[in-house]
Amino acid sequence: MKKILCILLFLCIGCARENKVQTIIEENDFLIGINYPVTAYKNLNNIIQTDVENIYTEFKKEKTLAIQQPELNIDYKLTEFESHISILLDIYISNITEKKPIHYVKTYFYDKEKQVILNITEILNQDSIAFIKNDLVKQKINIHYLNNYIKNLPFFVEKKQIHFYYNESVYNYSLEELNLKLTVKSNHKEIETFQPTNKVLDINKKYVAITFDDGPSIYTERILNTLKKHEVNATFFILGNKVSAYQDLLIQSLKNGNVIGNHSYNHKWLIKLKDNEIKNQIEKTNEEIQKYTGYTPTLLRPTYGSLNTYLKHFPNMEVVLWTVDTMDWKYKNTNVIVKRATNHLKDGDIILMHDIYKSTANSLDKIITEIKKQGFEIVTVLELKEIQKLRKYE
Ligand code: ZN
């Protein structure tokens, strides 16, 4: 009986086709922060990926016209129903030629069974179409547009609501009033409470902390395994918009003794936002982490390492930058990353890496071995701070 149960369990893990997130972060004379979902449906993924690639290429072409450091940010939202997936890409471009940032959405409503993307006229009945057309005309949407292009009207469906996007405005309807019946795919999991394990910290030893930004990703699991193999822990500064997709991994990470910190919701360049927008980025991320793992972060790493007064004094959050930059996003070469991470290490160093690259995941084993060889203990950023406090009061 036990054997059958084991096999069934194994099969179930194999068939859990969960949505993942692809992240692209680049920092040069321009800033790029892109997050888009990777679902269990290949042709949907191809369509989204092609769209993202086009936006990326176009941005890189236009950035030469920029006056200031331009920024491209793509965020996403996803609702999975039993029968469909609704996805929204939120595209934000600043500092190209226009003074005002460009902001628009792209949406996808995918029929899982037919494996096609549907437009709004293929989902709603005639009466509902007539109803929204009427209503949208009242709200000053061009009737010519509605008659000819309603098929192109972007829309995103949530559990109880549907949102239409036109000229930077959003129009909301309940699914009920449009007679749209969809069942959200449930992935509710029990949340456990984490008791942080207290390591014995000897203030006379030498300590360094390894940190990872921009994750989680498909490479994070490998990183967790390597950390576990060496019985050390790291600190992960994660993006809020990826939490729900990587819930299990994050719980595992916390259980292993790692620390999770806040790296904004969607990697927008925080110092360029208004204070209330920064607040929203940080709080939304903490809420997601709290909701899916039960853990509330206290460490904050601002995007692109840029700080302002508001961020420095953000309540209940301690800002953490780094002292060793591996530039793993640029070098993507194991030997280079190992060297950059371990040459010239000193007590109290915080090493910056990113768990969204295969080359980084591949380097970790050698990095840990080398750090230990040099006589350092590897701890989390929280432990590093604890050691600093202990030394102060010695
Ligand atoms: Zn980052």
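## Helix 10 and its buried face

In this predicted model, helix 10 spans residues 334-342, and its buried residues are I337, V338, A341 and T342. Viewed down the axis of helix 10, these buried residues fall within an arc of 110°, so they line one face of the helix. A general property of such helices helps in reading this pattern: an α-helix has 3.6 residues a turn, so residues three or four places apart point the same way.

The opposite side has another character, since the face of helix 10 turned away from its buried side carries the exposed residues N335 and K339. As for what lies over the buried residues of helix 10, the covering parts include strand 15 (324-325) and helix 9 (328-331), together with strand 16 (350-354) and helix 11 (358-373).

## The two ends of helix 10

At the start of helix 10, N333 offers a side-chain oxygen that reaches to within 2.9 Å of the backbone nitrogen of N335, and N335 is also one of the exposed residues on the face turned away from the buried side. Just after helix 10, the backbone at H344 takes a positive phi of about 60°.

## The zinc site

Elsewhere in the model, a zinc ion is coordinated at 2.1 Å by D214 through OD, by H263 through NE2 and by H267 through NE2. D214 lies in strand 10 (residues 206-215), whereas H267 lies in the loop between strand 12 and helix 7, so this pair ties together parts that are 53 residues apart in sequence. Written as a pattern along the sequence, the spacing of the donor residues of the zinc ion is D-x48-H-x3-H.

Are these donor residues buried or exposed? D214 is buried, with a relative accessible area of 2%; H263 is likewise buried, with a relative accessible area of 2%; and H267, at 2% relative accessibility, counts as buried too.

## H263 and its surroundings

H263 is found in the loop between strand 12 (259-262) and helix 7 (275-293). Besides its role as a donor to the zinc ion through NE2, H263 has a side chain that is joined to the side chain of D214 by a polar contact of 2.9 Å, and that makes a polar contact of 3.1 Å with the side chain of H267.

When neighbours within four places in sequence are left aside, H263 is in contact with D213 and D214, with F237, I238 and L239, and with R301, P302 and T303.

How values were computed:
Residues numbered from 1 in each chain as written. Predicted model: local features only at pLDDT ≥ 70, side-chain atom pairs only at ≥ 80, totals over all residues. Heavy atoms only, no water. Buried < 20%, exposed > 50% of the residue type's maximum accessible area, 1.4 Å probe, protein only. Helix = DSSP H or I, 4+ residues; strand = E, 2+ residues; numbered from the N terminus. Arc of directions from axis to C-beta. Contact = heavy atoms within 4.5 Å. Polar contact = N/O pair within 3.5 Å; in protein donor to acceptor, adjacent residues only side chain to side chain. Donors = N, O, S within 2.8 Å, 3.2 Å for Na, K, Ca; no water.
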